[in-house]
Amino acid sequence: MCGIIGYTGTSNALPKMMKGLSVLEYRGYDSVGVAAQRGKETEIMKCKGRIGALEEKLRDHPIEGSHCAIGHTRWATHGGPSDENAHPHRAGEVILVHNGIIENYKELRAELADKGVAFLSETDTEVAAALINDCYAVSRDPIKAIRSATARMKGAFAFGILFDGHVGEVYVIRRGSPLILARGADGYYLASDMTALLPFTREYCAMKENEIARLAPDGVRIYLSDQTEVAPDWKTTTMTPESAQKGGYDHFMLKEIHEQPQAVVKSVSPRVGKTGLPDFSSDGIEADFWRGVKSIQIVACGSAMHAGLVGIRLIEDLAKVPTTVHIASEYRYHPPIMPDGTLVVVISQSGETADTLAALRYAKENGVPTLAIVNAVETTIAREADRRIYTYAGPEIAVATTKGYCTQASVLWMIAAAIAHATGRISDEKAREVVQSLLCDVPAAMEQMLSREDRYRKIARGLIDHEHVFYIGRGVDYALSMEAALKLKEISYIHCEAYAAGELKHGTISLIEPGTPVLAISTEKDLFDKTESNIREVRSRGAQVTLICRSDIPVHQETADELISLPVSSDAATVFSALLAIQCIAYETASLLGCDIDRPRNLAKSVTVE
Ligand code: M6R
């Protein structure tokens, strides 16, 4: 995905662009650029690299006195990171920034090339600019030009557009990609994400699909596809500027790891009824709905999918509802059978992930009820699902998710309890116990785990010189191992495999050699003996073993080289403590290796292409 921003008003536009883009960088950081009006002229400054590279360019060639500008930070899809492919793109009288993807850009490009249009970049965005310019040449009306050009585009987009001769005006449209408008004391804004605008204002209006807006210093006008005008629906966000800053931590990831105990409370407490029982009525979901659920298909990507793998255990164990977990990008290719009573649950922190969105749409086309567990409010996935449960983790800026995953797991835990209670599988007492464990034991246990930095750093020191690392676990610990391996790979670039502890001996154990780091997770008491046997198997082949284990299991000194003991106040507390340990181990490893922790190479926070 990419980040777009724009401003028109009475203040200097460039500082606002730079500030907003620095917040939006988490959405992509391959290249960056701005276009700024100065009187009737529009200057474009763009380059490969991060915002620092653009700042340097602007130091040499400052753009001053602009009150209307658009900006972009890019995650490359069509065309590699380069100065030419960086946004904004100009085509004739149109200058444009884009978040999304134009799927039919090749046909459109060929058609425009036949008409004599020359292209400077390899991007789909330049094609979009050229098509709007082509339509503008006919109508001379920005709104009509945008409407007729976008009618021919397939895919997802949010555009910020300047037209030559339309001084102080920024035009926007969205379809499938997010876009927020905002108003401040000194003008009007657009951005992919409200966090970029928090330094300026908290008053926002979420654009709906296919709406076109014209921003000018005197106000915002929004037009529906039939050209009728609607008044902007201004709201005030509860987010504060601090929520999008590091708050004294070295990295957003570390800050977000530390926010987890509170994030769990924020995601669980709105779902607790007056009597202390699970109650999703504030999300518009009553007990009757849960009673109608006969099977669940969880669909998601990456860490969100891993949260689903924890969820499957809870929902099947507590609620006895058959549940499957699917990788969203695979879901449609082997269409799962969806008998009556199936509920499709999609999970997404960003609410924008293209593969998850496509799976959601597939389920809806097949007439299956859908429920989205989403963090970012009013995003496409949240809007399109039949029902939605927000995780309330607050803005997650680091590319590697921590509090996003953690709150998804806690909401799944609550859903399991809600279904189990609604269907009479668990008593009031047991349901209240689950709620209390999430509200009290989990945050307390996670706080306790946060203070063990030295241990995590010591373990990290044992990983940094290795090319390959293994995580092993059984049951829910296998699901945690997958998340642990993803976290380590993603931010430290060390290759790491997650294995079901019992599966390693069926082939992969041949990779274990003297010194190979193996981290074993054991949060389930009943499974410890078997996991311990697997640890012995790798230890006897020279593996360096770290054991992350419940503190109520007596572990012999010779079982592992390093031991992390987990609080056992409740099952949930133990699982969330293990999660915190694996996140911190990944963080410390990446930190020792000097990696760019918040913005790992080749990645973006959410992947809006399939
Ligand atoms: O925004 P989403 O939850 O839909 O994102 C899904 C994955 O792309 C995401 O969890 C990814 O795996 C993370 N970067 C992992 O830390």
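Okay, quick definition before anything else: when I say strand, I mean a DSSP run of E at least two residues long, numbered from the N terminus. With that in hand, take His468, which sits in strand β21, residues 468-473. And please keep in mind throughout that this is a predicted model.

Let me stay with His468 for a moment. Is it buried or exposed? Neither, really: its relative accessible area is 41%, so His468 counts as partly exposed. Setting aside residues up to four places away in sequence, His468 touches His495, Thr516 and Pro517. Cys440, on the other hand, is 28 residues from His468 in sequence, and the two C-alpha atoms are 37 Å apart in space.

Now let's zoom out to the whole chain. We've got 18 helices and 25 strands. The radius of gyration is 25 Å, close to the 25 Å that the globule rule gives for 610 residues, so the chain is as compact as a globular protein of that length. If you lay the C-alpha trace along its principal axes, it spans about 75 × 55 × 45 Å.

How much of it is buried? Buried residues account for 60% of the 610. As for the surface, the chain exposes about 23100 Å², and carbon and sulfur atoms supply 49% of that. For contacts, take the ones between residues at least 6 apart in sequence: 71% of those join residues at least 24 apart. On charge, there are 65 positive and 79 negative side chains, and the centres of the two sets lie 2 Å apart.

Next up, aromatics. You describe a pair of aromatic rings by the distance of the centres and the angle of the planes. The count here comes to 11 aromatic pairs. One of them is Tyr136 with Phe163: the ring centres are 4.8 Å apart and the planes sit at 55 degrees, and since planes under 30 degrees apart are stacked and over 60 edge-to-face, this pair is tilted. Tyr136 is in helix α4, residues 124-139, while Phe163 is in strand β7, residues 155-163, so the pair ties together parts that are 27 residues apart in sequence. Both partners are tucked away: Tyr136 is buried at 3% relative accessibility, and Phe163 is buried at 1%.

Then there's Phe157 with Phe159, another aromatic pair, and this one is stacked, with 4.9 Å centre to centre and 5 degrees between the planes. Phe157 and Phe159 are both buried too. Elsewhere, ring pairs link Tyr7, Tyr189 and Phe200 into a cluster.

Back to helix α4, because that is where Ile132 is found as well. Ile132 has 0% relative accessibility, so it counts as buried. What does Ile132 contact, leaving aside neighbours within four places in sequence? Quite a list: Val94, Leu96, Ala145, Ile146, Ala149, Met153, Phe159, Ile161 and Phe163. You'll recognise Phe159 from the stacked pair and Phe163 from the tilted one. For a far-off partner, try Ile585: it is 453 residues from Ile132 in sequence and 49 Å away in space, C-alpha to C-alpha.

Another buried spot is Ala13, in helix α1, residues 13-24. Ala13 also comes out at 0% relative accessibility. Again leaving out neighbours within four places in sequence, Ala13 is in contact with Tyr7, Ser66, His67, Cys68 and Ala69. Tyr7 is one of the rings in that cluster I mentioned. Ala13 and Arg601 are 588 residues apart along the chain, and their C-alpha atoms are separated by 30 Å.

Last topic, backbone oddities. Most residues other than glycine have a negative phi, and most peptide bonds are trans. So, where's the cis bond I want to show you? It joins His87 and Pro88, with omega about 0 degrees. Pro88 lies in the loop between β4 (68-74) and β5 (89-91).

For positive phi, look at Gln227: its phi is near 75 degrees, and it isn't a glycine. Gln227 is in the loop between β13 (219-223) and β14 (229-230), and it is partly exposed, with a relative accessible area of 35%. Lys320 is a further case, a residue other than glycine with a positive phi of about 60 degrees. You'll find Lys320 in the loop between α9 (302-319) and β17 (323-327).

That's my tour, thanks.

Methods
Residues numbered from 1 in each chain as written. Predicted model: local features only at pLDDT ≥ 70, side-chain atom pairs only at ≥ 80, totals over all residues. Heavy atoms only, no water. Helix = DSSP H or I, 4+ residues; strand = E, 2+ residues; numbered from the N terminus. Rg over C-alpha atoms; globule rule 2.2 N^0.38 Å. Buried < 20%, exposed > 50% of the residue type's maximum accessible area, 1.4 Å probe, protein only. Contact = heavy atoms within 4.5 Å. Areas by Shrake-Rupley, 256 points an atom, 1.4 Å probe, with all protein chains shown as cover. Lys, Arg positive; Asp, Glu negative; His and termini not counted. Charge placed at Lys NZ, Arg CZ, Asp CG, Glu CD. Phe/Tyr/Trp six-rings, centres within 6.5 Å; stacked < 30°, edge-to-face > 60°.
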